[in-house]
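Visitor: Please take me closely through one part of this structure, the empty space in and around it. I should like to learn what borders that space and what is found beside it.

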Amino acid sequence: MDALEIMSNLDKVMPYYQPIFSADEHKIIGYEVLGRYIENGQVISLGDFFHDGDTPDDYRCEVEDVILQKALDAFTNSKKEEMLFINRHAAGLVEDYGESFLAILDTYMDKGLKYEQIVLEISEGDYSKSLDNILRYYKTLGIRLAVDHIGEVDGDIRHFAGSSPDILKVSLRALRKDAGDQSYKNIVYSLSMFARKLGASLLFETVEAEYQLQYAWKNGGRYYQGFYLAKPSPSFAEPDQLKEMLREKCSRFITYEKKALSSVYALADKIETELTSIIARSKSAQKEKLLEEIARHFDEMCFRLYICDENGFELTPNYFKKEGKWIFQPEYLDKNWSWRPYFLENIVRMNKNGGGLISDLYNDIETGETIRTFSCPINDHEYLFFDIPYEYLYDQEGLLY
Ligand code: CA
């Protein structure tokens, strides 16, 4: 759409509201304000106008302000208690040190608007030092900060750590059921860890199918937004409209997850029981002999075995199944693994429980395959590590979930 045409018909510019649902209450906790242009009953998104690099900054700011004011009119008139998610281009905020945005909000304070109801969405790529100062100031007032388009634009979420974002917005567009894109999943996983460290919540947007909702739930998503739940609409949707549906879906996800977890723990129990009797039988045997014995018994279930001491030094070579044949790899003897994430923590946990542990799914550093590791103490100072290959996990229900 032509920018000039929009500028000369600002009365046709309208806010639409897309509901954002919460996982802890199964209700709408806020609405993202989206710009629409309405002509002859046709509703046209203003997304292109806002994202087009050719749109002059002052045009963009003016349209942003019109949408914001119309949204705040409607929001305060209907005495909404939820939050309003507002997209702003950083350039416009930086231009006047964030003052005009604040001035607009301030005119609604006597109508009951609170700063805490405002969530400012800033694109990950828009970071700058001067923006950071404005955001920090807004935060002291109570305005919340959401970092938008994470991973989609050329930006770095770590830049925002200092302005303590409340919400990280991640699109599920890249998640396709058939592709099962592992690298996307890994990025989401690290984002969820980062969000946790920052004390921020993850919001998954473009939720367009049930499996994406399940994925969002399973990956630490506290908030959800997308066509699958609710489309943008010219009025505020009823906060409890999907409460029953979300509650029901959530119980199904929980049942599924618990079933998958019990398959994982059943596998760990099976390995542990069988290992215990092998270890008891070969108590006096040499460590390498013990590894051979274990490999013979668990030929399908295992592709790498080794024993470490409590400080992570390898007491044996690796015993590795290479192209169907088990071989010793003496170069691993005496290597130290204490630097690996969770290594020492797991040793301490094994000492405390006296039993074995099974890891989450992760990619093996050498083979690149998705695997799990089972580990267990074989005596007071020695620990066996047992790597389970992808093919085995793949063949068993629930072990790759
Ligand atoms: Ca947004």
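Guide: A cavity is a set of grid points where a 1.4 Å probe fits but cannot get out, and a residue is said to line it when one of its atoms is within 4 Å of a point. Please keep in mind that the structure is a predicted model.

With that definition, a search of the whole structure finds one cavity of 30 Å³ or more. The space inside this largest cavity amounts to about 70 Å³. Its lining is formed by A23, H26, L213, W217, Y224, L246, K249, C250 and F253. Helix 8, residues 210–218, and helix 9, residues 243–281, each contribute at least two of these residues. Helix 9 provides the largest share of the lining, namely four residues. In chemical class, seven residues of the lining are nonpolar, one is polar and one is charged.

A pocket, in contrast to a cavity, is an open set of points. The second largest pocket has a volume of about 920 Å³. It is lined by 35 residues, of which E32, L34, H51, N87 and H149 are the closest to its centre. The lining receives at least two residues from each of strand 2 (28–39), helix 2 (47–51), helix 3 (57–77), strand 4 (83–87) and strand 5 (118–123). Strand 2 gives the most, with five residues. The lining of this pocket divides into 10 nonpolar, 13 polar and 12 charged residues.

Two of the residues closest to the centre of the pocket, E32 and N87, also serve as donors to a calcium ion. The full set of donors is E32 (OE), N87 (OD1), E121 (OE) and D148 (OD), at 2.2 to 2.4 Å. Along the chain, these donors follow the spacing E-x54-N-x33-E-x26-D. E121 belongs to strand 5 and D148 to strand 6 (residues 144–148), so this pair ties together parts that are 27 residues apart in sequence. Both E121 and D148 are buried.

Helix 3 and strand 4, already named in the lining of the pocket, also lead to the packing of nonpolar residues. In soluble globular proteins, nonpolar side chains tend to be buried together. Here the largest nonpolar core has 68 residues, and V63 and L84 touch the most other members. Helix 3 gives the most to this core, with seven residues. Leaving aside residues up to four places away in sequence, L84 is in contact with Y31, V33, A71, L72, F75, Q117, I118, V119 and F236. Another core, of 28 residues, lies apart from this one, and L305, I307, W326 and I358 are among its members.

Finally, strand 2 leads to a detail of the backbone. N40 is found in the loop between strand 2 and strand 3 (42–45). Its phi is near 50 degrees, a positive value in a residue other than glycine. N40 is exposed, with a relative accessible area of 79%. E323 is also a residue other than glycine with a positive phi, of about 45 degrees. E323 lies in the loop between strand 11 (318–322) and strand 12 (325–329), and it is exposed, with a relative accessible area of 78%.

Key
Residues numbered from 1 in each chain as written. Predicted model: local features only at pLDDT ≥ 70, side-chain atom pairs only at ≥ 80, totals over all residues. Heavy atoms only, no water. 1 Å grid on protein atoms, 1.4 Å probe; cavity = no way out; pocket = protein on both sides within 12 Å on 5 of 7 lines; lining within 4 Å. Points joined across faces, edges and corners; volume = space filled by probe spheres on them. Nonpolar A, V, L, I, M, F, W, Y, C, P; charged D, E, K, R; others polar. Donors = N, O, S within 2.8 Å, 3.2 Å for Na, K, Ca; no water. Buried < 20%, exposed > 50% of the residue type's maximum accessible area, 1.4 Å probe, protein only. Core = buried A, V, L, I, M, F, W, Y, C linked by side-chain atoms within 4.5 Å. Contact = heavy atoms within 4.5 Å.
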